[in-house]
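Student: I've got this model open and want to talk through how the helices pack. Can we start with one pair and go from there?

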Amino acid sequence: MAARKTSKKSNISSDELKQFYRDMLLIRRFEEKAGQLYGMGLIGGFCHLYIGQEAVVVGLEAATKEGDKRVTTYRDHGHMLACGMNPDGVMAELTGREGGYSRGKGGSMHMFSTDKHFYGGHGIVGANVPLGAGLAFSDKYKGNDNVTFTYFGDGAANQGQVYETFNMAALWELPVIFVIENNQYAMGTSQKRSTSTPDIYTRGQAFGIPGEAVDGMDVLAVKEAGEKAVAHCRAGKGPYILEVKTYRYRGHSMSDPAKYRTREEVQKMREEKDAIEHVRELLMSGNHASEEDLKAIDKEIKSVVNKSADFAKDSPEPAVEELWTDIITDIAPQNA
Ligand SMILES: Cc1ncc(C[n+]2csc(CCOP(=O)(O)OP(=O)(O)O)c2C)c(N)n1
Ligand SMILES: [Mg+2]
């Protein structure tokens, strides 16, 4: 991997660096396994992988404290793992099994954990942004100093409801961090073809919301930027925008033929900017870990991921009666 300028935080501990490596690798291997299970027909419906973007959520989670909330889009498995949700339950949900977070009835885009303060998983582009402001409102109302991380993409950033939300969040000084995961594409549309200004973080200026861009392939830089944003929100100064420049290696979803970009473009990112390789290099060059240590972590992660796939495969499909639970209207089958 080509050398790059890393964040100035060089006083990071070996343990923290290893934890970053472990957390990012878990997401990558988990997503690779999900891709395999999809190919085998064990996962159906929509499935949007997070491969390439791991440093975004891992870096930002490192800036959180207990009680902070997160809400994201359909590209959500990495976020669930990063906030501590159980890989078994996530994989079982992907495969539509009873042991899943939504008892097999939600699938890839619809998982929640109030325990981990994870509020989804949302399939409608942009729709989770006002929800994030609502979550932040609840913390402000209760008078605590928790913050809400509201993640959305570069494509979603062109939606009207995002700016209605910016206005209200600024007006009411809500403790919300708007995290724009700019992976340069919205399905098959390059940011260059859809977005009038390349630096989306500046769009908060009209509302008086500060923002900054950060290299989303550098987990240390992401954490540092996250800490700054968190400090701003916890101090009661209102919302903050972080535009995290990242890249997805896989297609938009499992059914994307990816004709809108070249293989060389993807290859170049993988070779020169990969976030996991970056941490691996830091670990090795700083004598924080040996080749054996890293192999042991790889093995540990592989076994966690394999276990989640086994758990999912062994978990039964939901019972037919489950069709009548967790629905808002109280209806019963007429002629059952
Ligand atoms: C309101 C709405 N419009 C269109 C879609 C179809 N759609 C799903 S994902 C997507 C692209 C969003 O891109 P971006 O916000 O950059 O997020 P990314 O997929 O890159 O993570 C679109 C147009 C949708 N789900 N909801
Ligand atoms: Mg995008």
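Tutor: Sure. Val129, Pro130, Ala133 and Ala136 in α5 meet Gln161, Val162, Thr165, Met168 and Ala169 in α6. Contact here means C-beta atoms, placed from the backbone, within 7 Å. Helices are DSSP runs of H or I with at least four residues, strands are E runs of at least two, and both are numbered from the N terminus.

Student: Is this a predicted model, and how is it numbered?

Tutor: It's a predicted model: local features need pLDDT of at least 70, side-chain atom pairs count only at pLDDT 80 or more, and totals for chains, interfaces and linings use all residues. Residues are numbered from 1 along each chain as its sequence is written, while chains are lettered from A and ligands numbered from 1 in the order in which they are written.

Student: Back to the pair. At what angle do α5 and α6 cross?

Tutor: Roughly 20 degrees, and the axes of α5 (residues 128-142) and α6 (residues 160-171) come within 8 Å. Axes are lines fitted to C-alpha atoms, for helices over the stretch in contact, with angles from 0 to 180 degrees between N-to-C directions. So α5 and α6 are roughly parallel to each other. Under 35 degrees counts as roughly parallel, over 145 as roughly antiparallel, 65 to 115 as roughly perpendicular, and the rest as oblique.

Student: Is the crossing of α5 and α6 left-handed or right-handed?

Tutor: Left-handed. That term applies if the near helix is turned anticlockwise from the far one by less than a right angle, and clockwise makes it right-handed. The α5 and α6 contact residues divide into 7 nonpolar, 2 polar and no charged. Ala, Val, Leu, Ile, Met, Phe, Trp, Tyr, Cys and Pro count as nonpolar, Asp, Glu, Lys and Arg as charged, and the others, Gly among them, as polar.

Student: What about α4 and α11? How do their axes cross?

Tutor: At roughly 45 degrees, with the axes of α4 (residues 87-94) and α11 coming within 8 Å. That makes α4 oblique to α11. On the α4 side, Pro87, Asp88, Met91 and Ala92 make the contact, and the α11 residues include Val304, Ser308 and Phe311. This contact has 8 nonpolar, 1 polar and 2 charged residues.

Student: And how far apart are the axes of α1 and α11?

Tutor: 9 Å, with α1 (residues 14-39) and α11 (residues 291-314) packing at about 40 degrees. The crossing is right-handed. Among the contact residues are Tyr21, Leu25 and Phe30 of α1 and Ile297, Ile301 and Val305 of α11. The split here is 10 nonpolar, 1 polar and 6 charged.

Student: Switching topic: how many residues surround ligand 1?

Tutor: 16, and the closest are Val125, Gly153, Gly155, Ala156 and Ala186. A residue counts if its C-beta atom, placed from the backbone, lies within 6 Å. Strands β2 (148-153) and β4 (185-186) each give two or more residues to the shell. The shell divides into 7 nonpolar, 6 polar and 3 charged.

Student: How many helices and strands are there in the protein chain?

Tutor: 11 helices and 7 strands.

How values were computed: Two residues are in contact if their C-beta atoms, placed from the backbone, lie within 7 Å.
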